[in-house]
Amino acid sequence: MGRTSQFDKLRKKRRRKRLFRRTVAAAVLAALAAAAVFAVTVVYQLDLRSQLENYAASLRGGGGFPVALDGMTVHRLLPMGKDVAVVTSAGTYIYNSSGARINSCLNNYRTPQARAAGGKILTYDLGGADLRVDNKAKQLHALTVKGGSLLAADIAQNGAIAVAQTGVGVDAMVLAYNPRFELMYGWSVQDSYITDVALSPRGTRMSCAGITMEGQHIVSLLRVHHFDRDQEVARVSLPDEVIVSMVWDGQEEIQVVTDKSLYLFDSQGEQLAKVSLPGGLVTYENIPGHLYIAYGDYRDPAGVTIQAYDGELNRTGSGRVDRRLLALAAGGGHLLVLTEGQLYLGDAALKEMKPRAHQDLYQVCLAGNSVYGITPEGLTRSGL
């Protein structure tokens, strides 16, 4: 009897061991499954695949600079990390810092427009129907609007996009898509023509610039939307002004440039600051946390004045040029001032502005620690 009891004890001990091993194995499998699901979700949400494709494309070897751009009419240069996008009449071409063409975004747009953010570039045909999104390696999405034409579009740092178009029975329609290009928000505009859209960095909020007539006066409208709300958050009237630029900064405040003023609004549409422009606006550069405006006539003794403002619209510095101003380009803590026959480099606050060697440049941009430019020989690159 005692012997049987001993066998029973051994069997029970073995059963407990087997149960323990099975429990541990099940827990390990469950943990691995959860980790796999989490990894897939992270890759899906953060778009790590696109980031890896961008990284690999940036490492490709090239033949150096200058890069010939035979037969291309260049409209704009846009920074994409340390690489550059060349927006032309035939398409947008992305080059890395070695001079290799890493993506060709071909199109037949009549009026090509482009916005770049988060390693992706959105190009669309203003007044046309076609839009596409690319990273540095390949096309990610294409869209053709039905029953209307494109008025404006923007892409957020996280890859969300917003598209404004004409529509039947409305002044405009604005549609927003998440980074997977799934429709997440729609707005039918009944009371103004939409001229621009801008997304917050996380792609959860949007501002729209509208224009309408009140009596004999042109009125610009700043419209603010949050994608977790059904109703418009704010509608701000700016009489006798025209909004020319909107940018959301890292605090999710909106930097606005009009033909007469600079504004800073919070995400609820409350005005936080305003600066009246001292003269006719020649050009501007509006990037998160910094604003630069140029005014005056280079033929006058005073020349053209460039003023710098921080993200709170405090004036931080200024400079003057006596040549025709072609462009301002900011980024990475620097400001490029391109004039006819001379290029200047300033710090972000514009405390100083020094001339640089000029190469017959007529387009420039800052990308990483490089200055990209367009000359008669093609695309050039030089260090800061």
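This briefing walks through the sheets, cores, aromatic pairs and backbone oddities of the structure above. The model is a predicted one, so please read each value with that in mind. Two good places to start are the nonpolar core of 33 residues, the largest in the model, and the three aromatic pairs found across the whole structure.

**Nonpolar cores**

- The largest core counts 33 residues, and Leu122, Leu131, Ile161, Val174, Ile194, Val197 and Met206 make the most contacts inside it.
- Strands that give two or more residues to this core are S6 (120–125), S7 (130–134), S9 (150–155), S10 (161–167), S11 (170–177), S12, S13 (193–199) and S14 (205–214).
- Another core lies apart from this one; it has 15 residues, including Ala308, Val321, Leu325 and Ala330.
- As general background, nonpolar side chains in soluble globular proteins tend to be buried together.
- Met206 is a handy residue to centre your view on: leaving aside neighbours within four places in sequence, its contacts are Ala162, Val174, Tyr185, Ala198, Leu199, Arg223, Val224, His225, Phe227 and Trp248.

**Aromatic pairs**

- The search of the whole structure gives three aromatic pairs, and two of them are described here.
- In the pair of Tyr185 and Phe227, the ring centres are 4.9 Å apart and the planes meet at 45°, so this pair is tilted.
- Tyr185 sits in strand S12 (residues 183–189), while Phe227 is in the loop between strand S15 (217–226) and strand S16 (234–239), so the pair ties together parts 42 residues apart in sequence.
- Tyr185 counts as buried because its relative accessibility is 9%, under the 20% cut-off.
- Phe227, at 14% relative accessibility, is buried as well.
- Both of these aromatic residues are among the contacts of Met206.
- Tyr263 and Phe265 make a stacked pair, with 5.5 Å from centre to centre and 25° between the planes.
- Tyr263 and Phe265 are both buried.

**Sheet S1-S2-S3-S4**

- Four strands form an open sheet in the order S1-S2-S3-S4, and the pairing is antiparallel.
- Strand S1 (74–80) and strand S4 (101–106) are the edges, each pairing on one side only.
- From one strand to the next, the twist averages 15°.
- Strand S3 (residues 91–95) and S4 run antiparallel and are joined by five bridges.
- Within this sheet, Gly91 faces Leu106 of S4 as its opposite residue.

**Sheet S25-S26-S27-S28**

- A second four-stranded open sheet has the order S25-S26-S27-S28, again with antiparallel pairing.
- Its edges are strand S25 (325–331) and S28, each of which pairs on one side only.
- The average twist here is 25° from one strand to the next.
- Six bridges hold S25 and strand S26 (residues 334–339) in antiparallel pairing.
- Ala330 stands opposite Leu335 in S26, and Ala330 is also one of the residues of the 15-residue core.

**The S21–S22 hairpin**

- Strand S21 (residues 281–287) and strand S22 (residues 290–296) run antiparallel, joined by six bridges.
- Across these strands, Tyr284 is opposite Ile293 in S22.
- Two residues lie between the strands of this hairpin, where Gly289 takes a positive phi near 90°.

**Backbone points to check**

- In general, most peptide bonds are trans and most residues other than glycine have a negative phi; the next items depart from that pattern.
- The peptide bond from Phe65 to Pro66 is cis, with omega near 5°.
- Pro66 is found in the loop between helix H2 (48–58) and S1.
- Glu252 is not a glycine, yet has a positive phi, near 60°.
- Glu252 belongs to the loop between strand S17 (243–248) and strand S18 (254–258), and Glu252 is buried, with a relative accessible area of 9%.
- Leu350 likewise has a positive phi, near 55°, in a residue other than glycine.
- The loop between strand S27 (342–347) and strand S28 (353–356) holds Leu350, which is buried at a relative accessible area of 1%.

Note on methods:
Residues are numbered from 1 along each chain as its sequence is written. This is a predicted model: local features need pLDDT of at least 70, side-chain atom pairs count only at pLDDT 80 or more; totals for chains, interfaces and linings use all residues. Side-chain values use heavy atoms; hydrogens and water are left out. Rings of Phe, Tyr and Trp (its six-membered ring) pair if their centres lie within 6.5 Å; planes under 30 degrees apart count as stacked, over 60 as edge-to-face and the rest as tilted. Buried means under 20% relative accessible area, exposed over 50%, partly exposed in between (1.4 Å probe, protein chains only). Two strands pair if DSSP finds at least two bridges between them. Axes are lines fitted to C-alpha atoms, for helices over the stretch in contact, and angles run from 0 to 180 degrees between N-to-C directions. A nonpolar core is a set of buried Ala, Val, Leu, Ile, Met, Phe, Trp, Tyr and Cys residues joined through side-chain atoms within 4.5 Å. Contact means heavy atoms within 4.5 Å.
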